[in-house]
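The following exchange concerns a predicted model. Each reply sets a computed value against the criterion behind a term.

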Amino acid sequence: MTDTTARLARILGAVRAEAVQGKHQDLVEHLDAAAPADRGERIRVVVVGETNRGKSTLVNSLIGRPLLSPVSAEVTTSCWLELSYGERDEAVVLLADPAAPGTPRRVPIDVRDVARYVALPEIADPVLGVEVKLRAPLLRDLVLVDTPGVGGLQEGHAQATLAALGQADAVLFVCDATQPILAPEVAFLAEAAVRVPAVVVAATKRDTNADFEVVVAETRSRLAARDELRHAPVFAVSAPLADRATDVEDAGIAARLVELSGMAELVGTLKRQAASGADALRAANAARVAARVCRVLLARAEESAAHALGDADRERELEAEIATLTGLLADREWLMSATDRRLTDLLDETVGGFTTAVAQLRDRFKAEAEHGPANRLDALAPRMIADLTALGVTTLEATEERTTRLAAALLDRLGFGGVAQPSPQPVGRPAGPAVPRFSDDAPARAQAGLTVATDVFEKLTKIAGGAAAVVTFLTGPGVLAACLALAAGAGWWRYHSGAEGERRKQLAAWVTSAAEGERAGFDRELTERIRRVRTYLDEVLPELITARRRELTRLQSELADLERAGAQARQAAAASLTTLVAVLTGLLRDADELAAELLERKPTP
């Protein structure tokens, strides 16, 4: 058992013991569910790189399918391509559905038709991504996600890719061995490195440059200059050499080709680093759950201790708070009025800001359609859709944050301050629920006491920016934003060819139509989601108030029992509670420190 594992086990065990002692069975079950056991999930690797770096060629070579994804210099991958293991080859294309944003349609296709949905010149549908299952050895251990190549690391594609890294265990970054890594690539990687547990770099095309070692050395030097990337390994690889090895009958020659390709070392390191990072992430999330449970227990203990040590004034304050909560239950309309005003302001400000930003994108892309370089016209529409997607993700994430902070202020007014606070977003895929989940049965939830409040933020986040469908290569806001943008811009593929002058007019008209469709679609969707937030708060607030009143009534009863037992019993209870507060404070500090250490830790070669 490592020191980290021992520390985590001690923290989880101690927090669990306190939850058992306090008869918080919901928290006990939550801690048990958060234990960092290996859940058998395959490691997810997102493959990223600038255009024409050999990214799709590398992916095809890794899985032993050279023709799966388009690889010529003139053909670019236009959507997400997820590759996972299956006993038989099969594929599903995900298409944006204008009638149900956030719930893309899943249409089975033949694996041989994948290029029809991912190659830019062949697109004829609003494709969000393609999921492919193959019987490839590498995919028994890894899930590979090839990112869109249109726009490379510029503009909206970079932001959309960064947003999707919340689903990843590692990033495989593709540059090439004909030139050192460029400053924009380093900047992107530095941002990615704080979002995923592991980063590995592949410099392709080593077979085309006799001096590739000099280039790779310079790439390593540039990465080492950034603290976030100083441990990122760099491998020079050649996908064509690896592919050629599969066609050679002589085993010795084939082995030599594989060695020269550098692929075996790349794959081995990628597996080790991604697995190590995923283990650290699971442990970090378990430590964060322990910290969250500690906060719930600590708030209850501090409140009980304060009242046990208090006087008649404190008891009158307790009675007054119970009376206030009873009044709020009797006047739900007044309770929701202030929240309604804040939600209306949030909606108006968000839609207004989004409309302004969309208009700016419209003007920029319209000017490019009318007067920009002819060689950029082919990718103009996908690049605008990517920028609209990135804008949508940013706006939805900001809406999630503002909604949860509004709820935090409301819960603070109801006496849940310090207990129910929105959690920071974890790095990488969460290894378990970030906050306790409770039954939808209202009486059972009310009986959960203070702990029920911690469920609010996860629920609000899902309502404000989540997607109804599970799309493994994107987060909730990413799915919703991409579907809205794709639906708004549907039809762009009609302008692949034609006389330049006519294409420019058609693309300019498309830009105006897509921008208006995006504005209207986002307005409708956000209005509906804010309505659902209102409905949810209207349902859950009475439950929370009931839970809080029940908790205070129980505390009042306990204090009355202590009062009847005499001063000595009250002092003993206060001393015991003070000791408990000290213990929980120490456990909370330990859990927070361990989580921070694990999230900062990067695998080393």
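Q: What makes helix α7 a helix that lies across β7, β8 and β9?
A: Contact means heavy atoms within 4.5 Å, and helix α7 (residues 212-224) lies across these three strands, running at about 165° to β9. Angles run from 0 to 180 degrees between N-to-C directions. Helix α6 (residues 183-193) lies across β1 (43-49), β7 and β8, and runs at about 175° to β7.

Q: How do you know that strands β7 and β8 pair?
A: Pairing requires at least two bridges; 7 bridges join β7 (residues 170-176) to β8 (residues 198-204), and the two run parallel. The criterion is therefore met. Leu-172 stands opposite Val-200 in β8.

Q: Why are β4 and β9 said to stand at the edges?
A: The open sheet of 9 strands has the order β4-β3-β5-β2-β6-β1-β7-β8-β9, with mixed pairing. β4 (105-109) and β9 (234-236) each have a single partner strand, so one side of each is left without a neighbour in the sheet. The twist averages 20° from one strand to the next.

Q: What makes helix α3 largely enclosed by the rest of the structure?
A: A residue is buried when its relative accessible area is under 20%. In α3 (residues 55-62), 7 of the 8 residues are buried, so the helix is largely enclosed. Among them are Lys-55, Ser-56 and Asn-60. Just after α3, Gly-64 takes a positive phi of about 75°.

Q: Why is the pair of Phe-354 and Phe-522 called stacked?
A: The structure holds 2 aromatic pairs. In this one, the ring centres are 3.8 Å apart and the planes are at 15°, against limits of 6.5 Å for pairing and 30 degrees for stacking; the pair is therefore stacked. Phe-354 lies in helix α12 (residues 332-371) and Phe-522 in helix α17 (residues 500-565), so the pair ties together parts that are 168 residues apart in sequence. Both Phe-354 and Phe-522 are buried.

Q: Which residues touch the most other members of the largest nonpolar core?
A: Of its 115 residues, Leu-83, Val-130, Leu-144, Leu-172 and Trp-510 do so. α17 gives the most to this core, with 20 residues. Leaving aside neighbours within four places in sequence, Leu-172 is in contact with residues including Val-45, Leu-58, Val-200 and Leu-270. A second, separate core of 32 residues includes Trp-80, Val-145, Ala-190 and Phe-212.

Methods. Residues are numbered from 1 along each chain as its sequence is written. This is a predicted model: local features need pLDDT of at least 70, side-chain atom pairs count only at pLDDT 80 or more; totals for chains, interfaces and linings use all residues. Side-chain values use heavy atoms; hydrogens and water are left out. Helices (H or I, at least four residues) and strands (E, at least two) are DSSP runs, numbered from the N terminus. Buried means under 20% relative accessible area, exposed over 50%, partly exposed in between (1.4 Å probe, protein chains only). Rings of Phe, Tyr and Trp (its six-membered ring) pair if their centres lie within 6.5 Å; planes under 30 degrees apart count as stacked, over 60 as edge-to-face and the rest as tilted. A nonpolar core is a set of buried Ala, Val, Leu, Ile, Met, Phe, Trp, Tyr and Cys residues joined through side-chain atoms within 4.5 Å.
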